[in-house]
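Trainee: Got a minute? I'd like to go through this one with you.
Mentor: Sure, put it up.

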Amino acid sequence: MIMFVIRRIASMLAVLLALTIALFTLQELSGVDPARAYVGANASAEALERTRVQLGLDQPAIVRYFDYLGGLLHGDLQNSLRTRTPVADGLSTAFPATIELALWALGLALVLGSIFAVLTVVRWKGAGVVRVVLLSGASAPTFLLTMLGLLFFYGQLGLLPSGGRSSYGSTSPGPTGLFVLDGLLAGRVDVATDAIWHLILPAACVAISPAVAIGRVLVDGLRINLVSDHARTARAAGMPEGLVMLRHAVRNSLGATLSMIGIQAGLLLGGLVVVEKIVSWPGVGSYLDKSVQASDFPGIAGVALLLGVTYVVLNTLVDLLQVAADRRIALS
Amino acid sequence: MSVIERPTTGRAATKWMRMTGWRSHTAGVDAAGLVALALLVLVALLAPVIAPYSPILRAGEAFLPPGSPGHLLGTDGVGYDILSRMLFGLRSSIASAAIVITSGVIIGGIVGLLAGSIGGWVDNGLMRLTDLFLAFPGIVIAMTVAAALGASFSSALIGVAVVWWPMYARLVRGEVRSWAARPHLEAAVLAGVPWSRRVRRHLLPGVTSTVVVTASLDVGGLVVAMSGLSFIGLGSPAPAPELGSMAAQGMEYLLQFWWIPILPGLGVLLLALVANLAGDAVRDLLSRR
């Protein structure tokens with residue numbers, strides 16, 4: 001068990017190291033000159049050369065890689081070519097916005113997926129309709145869903161806001177940077193509800209495709225477990241069907257579902273970027289979009305690193321959680 | 001041996017699935033999916049012939065709604081003909097999906113075949129590499145690679161291709177290993193059949209149908225993923241007709257002239273749905289055999 005944890009964490013560190021090597025190599029390929037970014041477009045050749053030496057850019061690639069890695073460990077993600085300020089500063093204000101959206105999306109995906117799975121398994125009559133709606137939703141590009149949502153809920157009904165995170169300015173009233181949580185913590189219920197109204201549309205649009213994937217895994221698991229020997233025994237012993245479902249089917253299906261959630265979290269990132277662009281959500285995705293429009297590779301690499309690290313750490317946690325739930329996994 | 005030990009829960013589950021009609025595709029749906037995909041591909045191939053206007057030249061007044069005379073799907077903010085642009089966009093979507101899938105199958109196939117059939121440290125090394133790629137969030141890496149190479153059609157293709165092969169590598173390796181463990185292959189090894197002949201005659205034919213099924217089920221998702229890349233500006237640069245970038249450029253007109261951003265999105269949805277149907281059809285056809 002302890003060996004498993006150590007091995008898993010070591011492999012996580014190796015993956016993260018590989019990520020930094022990949023990003024460094026891509027940066028070299030992209031032809032961005034950090035010295036130029038530092039001094040600006042109008043600087044003299046002399047100043048450029050001085051900065052280049054100052055920044056250690058005259059060194060061989062391997063030395064520069066270790067400089068870059070050292071910088072990363074101190075939270076230095078280089079300077080953005082677009083804003084000419086540290087990428088880390090831009091991302092630190094954008095990250096909480098993305099976290100909040102991602103958490104809501106993942107939560108919605110779980111709820112929708114579970115409802116879909118249980119309805120399908122208990123053979124509720126309308127499950128077919130739900131399935132068709134969700135499946136076509138999952139086939140649609142996220143940008144189409146979001147735009148249709150805006151068109152209907154904002155344009156037609158005027159029910160939801162057109163975009164942004166809050167009607168109460170861009171700073172959160174509390175320490176976490178998550179509007180809903182901070183609003184509740186600060187006793188500002190109006191801020192929290194307003195933030196939820198802003199969250200619903202983008203979160204739902206990102207959530208549909210993971211919801212279907214999670215639902216499918218759950219359906220397969222539930223079906224197999226509902227007809228398994230232990231479920232039959234439980235029924236024979238007089239356990240009500242609802243309890244059989246909860247204790248024997250749902251619980252035993254959680255492992256595969258958890259893995260699926262880990263995988264889907266990665267796919268969700270792509271959807272987040274697109275949705276943030278459409279509803280002007282001030283998060284990492286919008287930052288990436290602006291960086292792409294400005295060909296600002298340090299900005300792009302910063303986003304990739306942040307999302308990559310989040311994803312890798314999250315998946316390690318999922319693996320460890322699974323082992324905690326079922327020790328047999330550590331042995332295999 | 002494998003016949004006797006087939007787990008009973010698995011069999012019960014299949015029966016259950018049959019009973020509840022989960023994945024009960026009829027031959028009619030299958031045929032419709034394949035025919036629709038063939039039609040879309042044909043339309044895409046013939047885009048230069050069918051398209052009423054050039055996709056990158058002003059064709060008329062801007063903001064004409066769908067159904068306007070001469071402009072079946074209307075015109076966009078510049079005055080480009082949306083139908084013409086969508087036909088070319090469809091063409092580029094289908095072409096890029098085909099290229100990425102092919103490259104993924106070839107690279108992943110070679111890696112998986114080598115790893116599965118040679119085994120030992122080759123297997124170990126190649127699979128570590130594959131796992132490394134799978135450990136990253138694919139879409140983020142694809143975006144980064146595409147951005148590093150500069151926004152263009154080929155950059156986007158390379159970006160997605162870089163993250164698309166590892167799944168195939170893992171799949172092929174698993175299949176190869178399970179085939180290699182079968183009696184006729186053990187016999188071939190003992191009879192001194194050389195490696196290259198074993199791969200060619202016994203392993204490759206064995207893995208092909210699984211790979212084809214997986215690849216055809218992947219097309220829909222790939223089309224959607226690549227349209228997302230194009231949407232955030234990682235694709236052919238502006239006036240080039242791509243469905244994702246068309247939607248992004250039309251976004252500002254969403255509330256007044258909905259058709260400008262929505263129609264290209266519906267184009268992606270249509271292609272993805274048809275590709276998914278056709279993928280299911282391919283799976284049904286190959287697994288029925």
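Mentor: A definition to start: domain bounds come from an automatic or database domain assignment. Also, this is a predicted model.
Trainee: OK. Which domains is chain A divided into?
Mentor: Domain 1 covers 12–73 and domain 2 covers 89–331. Their centres, taken over C-alpha atoms, are separated by 36 Å.
Trainee: And how many residues does the contact take from each domain of chain A?
Mentor: Ten from domain 1 and ten from domain 2. On the domain 1 side, α1(A) gives the largest share, eight residues. By class, that side has eight nonpolar residues, two polar and no charged.
Trainee: Back to α1(A). At what angle does it pack with α4(A)?
Mentor: About 125°, with the axes 11 Å apart. Angles over 145 degrees count as roughly antiparallel and 65 to 115 as roughly perpendicular, with the rest between them oblique, so α1(A) and α4(A) are oblique to each other. The crossing is right-handed.
Trainee: Which residues meet there?
Mentor: From α1(A), Thr20(A), Phe24(A) and Glu28(A); from α4(A), Ala61(A), Tyr65(A), Tyr68(A), Leu69(A) and Leu72(A). Six of the residues in this contact are nonpolar, one is polar and one is charged.
Trainee: Different topic: how many residues of chain B are in contact with chain A?
Mentor: 41 residues of chain B, against 42 of chain A.
Trainee: Which element of chain B gives the largest share?
Mentor: α11(B), with nine residues. Elements giving two or more residues also include α5 (120–135) and α9 (195–231) of chain B.
Trainee: And how does chain B's side divide by class?
Mentor: 31 nonpolar, ten polar and no charged residues.

How values were computed: Residues numbered from 1 in each chain as written. Chains lettered and ligands numbered in written order. Predicted model: local features only at pLDDT ≥ 70, side-chain atom pairs only at ≥ 80, totals over all residues. Axes fitted to C-alpha atoms, helices over the stretch in contact; angles between N-to-C directions. Helix = DSSP H or I, 4+ residues; strand = E, 2+ residues; numbered from the N terminus. Parallel < 35°, antiparallel > 145°, perpendicular 65-115°, else oblique. Left-handed = near helix turned anticlockwise from the far one by under 90°. Contact = placed C-beta atoms within 7 Å. Nonpolar A, V, L, I, M, F, W, Y, C, P; charged D, E, K, R; others polar.
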